[in-house]
2 protein chains.
Amino acid sequence: MKIEVLNIGNELLIGQVVNTNASWLGEELNLAGFMVNRIVVIADDGDEIISALSEATLRADVVLISGGLGPTKDDITKDALCRFFNTRLIFNKEAYENIEGFFRQRNLAVSVINRKQAEIPESCIPIQNRHGTAPGMWFEIERPGSTGKVKIVSMPGVPFEMKAMVTDSVIPWLKKVFPSHAVVHKTIMTQGIGESFLSDIIEEWENQLPSSISLAYLPQPGIVRLRMTASGSDGKELKTLINRETEKLLAIIPEYVYGFDDEKLEDIIGKLLIRDNSTISTAESCTGGYIAHLLTTIPGSSSYFRGSVVAYANDIKESELNVRPETLTRYGAVSEEVVLEMAAGIRTKFKTRYSIATSGIAGPAGGTVEKPVGTTWIAIATPEKIFAKKYLFGDNRERNIRRTALQALNLLRKEIIRASK
Amino acid sequence: MKIEVLNIGNELLIGQVVNTNASWLGEELNLAGFMVNRIVVIADDGDEIISALSEATLRADVVLISGGLGPTKDDITKDALCRFFNTRLIFNKEAYENIEGFFRQRNLAVSVINRKQAEIPESCIPIQNRHGTAPGMWFEIERPGSTGKVKIVSMPGVPFEMKAMVTDSVIPWLKKVFPSHAVVHKTIMTQGIGESFLSDIIEEWENQLPSSISLAYLPQPGIVRLRMTASGSDGKELKTLINRETEKLLAIIPEYVYGFDDEKLEDIIGKLLIRDNSTISTAESCTGGYIAHLLTTIPGSSSYFRGSVVAYANDIKESELNVRPETLTRYGAVSEEVVLEMAAGIRTKFKTRYSIATSGIAGPAGGTVEKPVGTTWIAIATPEKIFAKKYLFGDNRERNIRRTALQALNLLRKEIIRASK
């Protein structure tokens with residue numbers, strides 16, 4: 001079964017937007033046991049859309065289109081689809097109700113231009129857009145010389161609208177129509193070690209992996225994901241195989257593994273705190289509120305996250321976190337002593353079981369010979385103890401902030417687990 | 001003149017690598033006055049390469065290929081090119097000297113596998129690889145029915161090797177062969193209005209745009225970017241034209257435009273605060289530290305950002321921000337009264353010129369009939385005044401946080417500008 005992806009948008013051709021839709025689709029379809037054969041990017045141009053679609057439907061069994069479904073003049077995919085499928089736009093009641101609901105929720109009336117979004121080609125099955133107003137469209141056409149029909153799906157280019165459609169509708173439909181072979185994935189989430197060092201440590205394990213399992217290193221700032229993919233005929237057998245290899249890997253690098261399958265550290269911490277009926281606060285200097293932000297992206301975090309003080313100025317470290325002026329003068333803001341006082345200060349003041357404090361030189365300026373850019377102190381306070389660790393990250397400000405936050409969350413995670421043992 | 005980009009690599013199709021080569025090429029060629037017409041991504045597969053190349057040479061005047069030139073078994077582009085151009089690999093002395101120099105610099109001898117990289121198709125002109133061992137290749141072939149020859153360039157997929165070749169060799173050659181026309185872009189950044197409402201308001205302006213200017217709507221959560229592209233023969237004239245249209249647009253939607261050409265709100269605010277020698281603090285409930293995070297992503301923000309209190313728990317709103325218990329009981333945490341007291345509280349306590357406060361129901365839980373999920377209050381305090389505004393965002397937690405933050409930053413930006421008038 002061949003899948004072709006067709007991304008429509010001038011912004012992709014002039015490099016204003018990186019085509020993350022295509023890579024996301026490739027990954028998700030792959031995880032579901034399907035393979036993308038070709039990705040084609042074209043302009044918002046009727047003739048281009050029709051010619052690319054003609055070629056794709058000759059080659060592929062499934063064509064997934066994204067882009068050009070917005071309500072504005074530069075969005076012309078729907079007209080091109082009507083020309084290609086020799087059909088016309090008709091008003092769709094369901095699609096309109098979805099649009100109306102979308103605007104009602106925002107206390108807005110549906111404008112003329114948005115009402116037009118409910119007009120879809122007569123020959124398609126609409127796909128609900130949970131996050132926007134443009135419905136998706138599912139078409140089928142005969143291909144000369146082929147037995148089955150070619151399936152064509154048109155979706156919005158806005159990533160979160162497209163993603164929800166693919167997850168909720170497109171992949172389940174494809175699974176029904178095309179029996180795929182068994183594919184089992186497991187992703188091991190590691191923090192605190194770089195890709196090449198990790199690869200050195202697990203080399204022997206990697207070499208002994210059975211041939212049915214392939215391994216991919218997927219690095220992100222501060223994190224390396226290890227993804228095992230097993231494919232074959234018996235899904236249950238593959239699962240047993242992959243779990244056995246996971247156990248072996250955990251025995252080699254227990255200190256770096258924090259979770260599985262794209263779990264987030266802030267999510268894991270949230271679950272641990274809820275389980276223990278516990279609370280957390282943060283005192284942030286170099287991370288500037290980013291740890292608080294990560295913790296509060298989790299729904300329900302208000303039951304364990306009480307609050308933070310972002311103390312960028314030194315006098316705020318003193319007045320709000322009870323850092324002693326002498327400590328600041330003697331050791332400087334980026335020091336073990338200061339970060340320990342910050343963690344103790346916020347924990348007492350905000351009356352939480354745990355606290356995190358950070359202080360570092362995020363860069364690009366502010367480094368010295370003794371404390372170069374990237375120097376970072378992280379402290380963790382618990383009812384039993386308080387400790388700080390020093391790290392030397394890189395010279396990129398945004399990555400330093402992210403790496404500090406993830407390192408701090410992983411330190412806290414280990415402390416919570418230790419405390420409950 | 002039509003350019004087609006052909007990216008070869010399985011890793012692009014399974015989403016393991018995002019295709020930044022294509023977006024980089026699109027941008028660089030565009031800046032040089034050329035346009036990419038199509039991007040095609042295919043697997044490391046001989047037949048696929050030949051069929052994609054056959055199609056591309058029928059459509060385009062220039063085909064830029066990247067990927068599949070490495071020394072390992074999965075790199076098969078060179079063989080496919082030989083088949084397509086009906087030629088054979090021959091040893092190239094210059095290419096070999098480049099490889100030898102590359103290894104000598106690293107105190108290494110040239111291995112057999114790397115010696116093979118000096119073998120290139122007989123009919124091509126080699127392009128030097130400044131950063132690696134695989135040479136680039138320039139081919140030309142006749143196209144039936146066309147007057148000029150089609151140019152095909154094959155380059156490595158490693159981004160910095162490919163980029164150097166394009167900058168040093170490919171673009172200068174293209175400029176010699178094809179007299180390029182001028183292209184001028186301008187992006188107008190808007191906040192606080194959705195794509196369809198914006199389109200309604202500026203419809204008349206959009207309709208009167210000269211035919212040499214095209215307009216694209218590029219929405220992101222909380223932001224809509226409007227990009228004008230002008231192309232023609234005289235770059236200076238196009239610039240004047242685009243600036244004139246920008247002025248007209250600004251007169252129509254002054255309240256929504258916050259900047260140009262991908263400027264960030266947090267960056268603009270930083271520059272305004274530095275100019276005025278001013279300071280800022282935030283008191284965040286629903287945004288959970290995200291505004292502080294955005295502000296502190298900017299290098300040098302420590303000179304104007306003093307700190308934040310993230311007050312998730314109500315008692316912390318009282319103890320740290322001097323919100324009165326009666327206000328909380330009477331109006332609830334998500335109310336005009338509370339958010340005003342939060343903004344006043346942090347401004348006084350942290351001794352800053354400006355402050356921002358937020359309180360809302362980010363979701364997915366916590367909504368009521370009176371205050372549904374998405375209900376959000378934002379307050380701004382300045383030396384002259386304090387005010388709050390209510391918004392009703394959507395039901396997605398992360399987007400609600402982002403939209404609240406961007407809205408708050410834009411409100412503050414307007415206040416700073418108003419104050420300095």
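**Interface**

I began with the contact between the two chains and found that chain B and chain A bury about 6200 Å² between them, with 53% of that area coming from carbon and sulfur atoms. I then asked which residues of chain B lose the most area to chain A; these are B:Arg38, B:Arg306 and B:Tyr312, which together account for 10% of what that side buries. I note that the model is a predicted one.

I looked up how many residues take part, and the contact draws 80 residues from chain A and 81 residues from chain B. I chose buried area as the entry for interface size because the accessible area lost when the parts come together is often used for this.

**Charged pairs across the interface**

I searched the interface of chain B and chain A for salt bridges, and the rule returned 10. I examined the pair formed by A:Arg38 and B:Glu48, whose side chains meet in a salt bridge with an N to O distance of 3.5 Å.

**Chain A**

I turned to chain A and recorded 16 helices and 17 strands. I noted that its C-alpha atoms fill a box of roughly 80 × 60 × 45 Å along the principal axes.

I checked burial next: of the 421 residues in chain A, 57% are buried. I also recorded that chain A exposes about 17800 Å², with carbon and sulfur atoms supplying 50% of that area.

For contacts in chain A between residues at least 6 apart in sequence, I found that 67% join residues at least 24 apart.

I closed with charge: chain A carries 51 negative and 49 positive side chains, and I noted 5 Å between the centres of the two sets.

How values were computed: Residues are numbered from 1 along each chain as its sequence is written. Chains are lettered from A and ligands numbered from 1 in the order in which they are written. This is a predicted model: local features need pLDDT of at least 70, side-chain atom pairs count only at pLDDT 80 or more; totals for chains, interfaces and linings use all residues. Side-chain values use heavy atoms; hydrogens and water are left out. Helices (H or I, at least four residues) and strands (E, at least two) are DSSP runs, numbered from the N terminus. Buried means under 20% relative accessible area, exposed over 50%, partly exposed in between (1.4 Å probe, protein chains only). Contact means heavy atoms within 4.5 Å. Accessible areas come from the Shrake-Rupley method with a 1.4 Å probe; for residues, only the protein chains shown count as cover. Lys and Arg count as positive and Asp and Glu as negative; His and the chain ends are not counted. The place of a charge is taken as NZ of Lys, CZ of Arg, CG of Asp or CD of Glu. Buried area is the accessible area (1.4 Å probe) that two parts lose on being put together, summed over both. A salt bridge is a side-chain nitrogen of Lys or Arg within 4 Å of a carboxyl oxygen of Asp or Glu.
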